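Reader: Before we start, please set each term against its cut-off as we go through the structure.

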Amino acid sequence: MAENTVILDGTGVKRALTRIAHEVLEKNKGVEGLVLVGIRTGGVHLAQELGARLSEIEGVDVPVGAVDITMYRDDIKGHHEHLPVGKTELPFSVEGKKVVLVDDVLFTGRTIRAAMDAIFDQGRPACLQLAVLVDRGHRDLPIRADFVGRNVPTSRSENIMVAFDADNKPTEVILQK
Amino acid sequence: MGFRHKDIIALKDLTKEEIELLLDTADNLSEINQRDIKKVPTLRGKTVINLFYEASTRTRTSFEIAAKRLSADAVNITASTSSVVKGETLSDTAANILAMKPDIIVMRHSVSGAHEYLAKRVSCSVINAGDGAHEHPSQGLLDMLTMRQKFGKLAGLKVAIVGDITHSRVARSNIYGLTTMGAQVFLAGPPTMMPPGIERLGNVTVCKDMREAVDQADVVMMLRIQLERQGKTLVPSMREYSRYFGLNPAVLDLAKKDAIVMHPGPINRGVELASSVADCDQSAVLKQVENGVAVRMAMLYHVCGGEPVE
């Protein structure tokens, strides 16, 4: 039987994103040259939310883009049924920008590695930072997040799920045992 | 859902969901072709052999570019400069190529069914780049992608296909693909170029008059009349063919106002397509070529690592 524990409810997710927004501003001293890039699909919705908060606080729109990492995966040979490919949409150049990569859950770090390759194929950013809603540990690669909503110690067999409503707004974070 | 075919030989073999998956993938991959650095590492270390027994510039180049944009290594073999002219059989050629461990063979062959013969004899994937008068699946897919981008859907579209239906693999792949996707196909051409019984494929209507097929059509697809082959014997003269089955502005006026004109190329200007029509705003010919690269990337991506359906 799968057992579900709510780790963050709707309010908790909102507070975490608001705090991350302030941390991003503090670290980067404002939004000058800042762009957000979400990793499909959960990260894109969170990047939109984060972008909205940044604009609210600073009164300036922050560009938000999306990367699909399917073509950069390191396990393509293992997939006999190929996953559908999503669209990468970067309506701006990353050249010289401060790029904040946004994802929902940080786990092995392989997705982030793929996303970094995907971004560097489009140009040379000034720097790359990582924001995640949940860090669940178990890294396979030397990767860490700059901004974390919540650290959740998990076992490898457990699963973390970020739920979104019909408008792609995050509703809660669930731990499935 | 995933793609479970080792080979792509005919659109007849693909389900609606599989065609949709290929078109969705192609749609999303097309972004790579707009980048400054047009390359992703997906098929790094894979070898694609383009084995062309028939002349082709567009299709071969398109497959080669598609492979290279996915970081695969592409090697071209043209039959006229290979051992084939020394009398090597297809199965010997296949065995020799296979010994060099390719992952995908993209083949064009003048004999219908050559690909099924090859696919049974090799362990790598086989993609059909045109076999005789049978099928040309990548062309069918890129045509459907072009239509879907313009109209947002395929179901319910009226598509007129005009020309030498009997000898056209482009027509056959489009007929199979479009009817699977729920479009209505109207065919027109000289009786000598219309295969008897083709309307039995379902959702296909044969028209005696080209204007009947084009009337209220969303898409007018003109086929190339093969001047070097059937064109000589099956119609009295090019002038007569052009008068009855060539697309000129007056005939195009019968189609819907936002209809698009398609042609698989190369165009015989003034024969099947009036020059003014070929260059008009409604012409989707160059969009077809552009989409060809993305569609072929999707095909290479999905067969690589796929397992045959038992």
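Author: The model is predicted. The accessible surface of chain B comes to about 12,800 Å², and 51% of that area belongs to carbon and sulfur atoms.

Reader: How many of the residues of chain B count as buried, as a percentage?

Author: Of its 310 residues, 58% count as buried. The cut-off applied is a relative accessible area under 20%.

Reader: What makes the radius of gyration of chain B agree or disagree with a compact globule?

Author: For 310 residues the globule rule gives a value near 19 Å, and chain B has 19 Å, so the two agree. Along the principal axes, the C-alpha atoms of chain B fill a box of roughly 55 × 40 × 40 Å. Chain B has 12 helices and nine strands. Among its contacts with a separation of 6 or more, 74% are between residues 24 or more positions apart.

Reader: Why is B:Leu14 called buried or exposed?

Author: The relative accessible area of B:Leu14 is 5%, and buried means under 20%; B:Leu14 is therefore buried. B:Leu14 is placed in the segment before helix H1 (16–29) of chain B. Leaving out residues up to four places away in sequence, B:Leu14 touches B:Phe3, B:His5, B:Ile19, B:Leu22 and B:Thr180.

Reader: And why is B:Pro196 called buried or exposed?

Author: B:Pro196 has 79% relative accessibility. The cut-off for exposed is over 50%, so B:Pro196 counts as exposed. B:Pro196 lies in the loop between strand S6 (184–188) and strand S7 (204–207) of chain B. From B:Pro196 to B:Lys153 the C-alpha distance is 30 Å, with their positions 43 residues apart in sequence.

Reader: Which residues touch the most other members of the largest nonpolar core?

Author: That core has 88 residues, and those that touch the most other members are B:Val106, B:Leu141, B:Met144, B:Met147, B:Ile161, B:Leu187 and B:Leu300. Helix H12 (residues 285–303) of chain B gives the most to this core, with nine residues. Apart from it lies another core, of 29 residues, including A:Ile20 and A:Val134.

Reader: What is B:Met147 in contact with, beyond its neighbours within four places in sequence?

Author: The contacts of B:Met147 include B:Leu154, B:Leu157, B:Val159, B:Leu178, B:Val219 and B:Ile260. B:Lys153 and B:Asn174 are also in contact with B:Met147.

Reader: How far apart are the mean positions of the positive and negative charges of chain B?

Author: They are 3 Å apart, taken over 37 positive and 35 negative charges.

Methods: Residues are numbered from 1 along each chain as its sequence is written. Chains are lettered from A and ligands numbered from 1 in the order in which they are written. This is a predicted model: local features need pLDDT of at least 70, side-chain atom pairs count only at pLDDT 80 or more; totals for chains, interfaces and linings use all residues. Side-chain values use heavy atoms; hydrogens and water are left out. A nonpolar core is a set of buried Ala, Val, Leu, Ile, Met, Phe, Trp, Tyr and Cys residues joined through side-chain atoms within 4.5 Å. Buried means under 20% relative accessible area, exposed over 50%, partly exposed in between (1.4 Å probe, protein chains only). Helices (H or I, at least four residues) and strands (E, at least two) are DSSP runs, numbered from the N terminus. Contact means heavy atoms within 4.5 Å. The radius of gyration is taken over C-alpha atoms; the globule rule is 2.2 Å times the number of residues to the power 0.38. Accessible areas come from the Shrake-Rupley method with a 1.4 Å probe; for residues, only the protein chains shown count as cover. Lys and Arg count as positive and Asp and Glu as negative; His and the chain ends are not counted. The place of a charge is taken as NZ of Lys, CZ of Arg, CG of Asp or CD of Glu.
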